Each structure stands twice: as structure tokens, then as C-alpha cells.
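Here's a quick tour for anyone meeting this structure for the first time. Have a look at it first, then read on.

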Amino acid sequence: MSFPAVACATVALLVSVLSLVTGAHWDHAIFLDDDYRLLWSITGQDITFEVQVRTHGYVGLGFSKDGTIYGADMVIGWVDQGQVHFQRNGAH
């Protein structure tokens, strides 16, 4: 199995396991395209997200006040040698 296929399988497995462990129920979902699905729930002032993707590299999610990248809050995730990584960038 190639690295991209392993990365996709690992991310899919991780998402599946996390959903089972947390018993997550999502109140909202949107399919942005065939390879990117965003799910979320709002509890009080907290928003919890799950991003389900089919990718050969990385996935990103970001928010900004005006829809531009400037001053946006972003997270980037990827799998490297079976290890899942996340990095937060932007305004804090």
C-alpha cells in the first residue's frame, strides 16, 4: 500500500475510532465536495468540529472575520509515518 493510501486509511480509522470513543453526535453537516465533509455541534458557547476528508497530503480548516486568510485562525493536519499531526496557525 502506498504512503497516500496509508495516510487516508489512518485518518479514516482515527476519525472512526474517535467518533466511537466520544460517542459524537453531530447536529450539523455539510459536504463541501465529494472528498471533504464538515460536521459540527454547538453546546453553549463551544463548537466542536469533525472534518472527514479523502486526501493524499494534508487537510486544513480556517475561520476569519471577513473570509480572507489575513488574521484567520487555522488548523492544518496530516499523517506522517502513521503519526497524526495537527498545527494551529494564525490569530490566537
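What follows covers a sheet, a core and some salt bridges.

This is a predicted model, where local features need pLDDT of at least 70, side-chain atom pairs count only at pLDDT 80 or more, and totals for chains, interfaces and linings use all residues. Residues are numbered from 1 along each chain as its sequence is written, and side-chain values use heavy atoms, with hydrogens and water left out.

Let's start with the sheet. Three strands line up as β1-β2-β3 in an open, antiparallel sheet. Strands are DSSP runs of E with at least two residues, numbered from the N terminus, and two of them pair if DSSP finds at least two bridges between them. β1 (28-33) and β3 (46-53) each have a single partner strand, so one side of each has no neighbour in the sheet. β1 and β2 share 5 bridges, and Ile 30 sits opposite Leu 38 in β2.

Now the core. The largest nonpolar core (buried nonpolar residues joined through side-chain atoms within 4.5 Å; buried means under 20% relative accessible area) has 5 residues: Tyr 36, Leu 38, Val 53, Val 59 and Leu 61. β2 (36-43) and β4 (58-63) each give two or more of them.

Finally, the whole structure holds 2 salt bridges, meaning a side-chain nitrogen of Lys or Arg within 4 Å of a carboxyl oxygen of Asp or Glu.

| Salt bridge | N to O distance |
|---|---|
| Asp 35 and Arg 54 | 3.0 Å |
| Arg 88 and Asp 73 | 2.9 Å |

Asp 35 lies in the loop between β1 and β2, and Arg 54 in the loop between β3 and β4, 19 residues apart.

Conventions: Buried means under 20% relative accessible area, exposed over 50%, partly exposed in between (1.4 Å probe, protein chains only). Helices (H or I, at least four residues) and strands (E, at least two) are DSSP runs, numbered from the N terminus.
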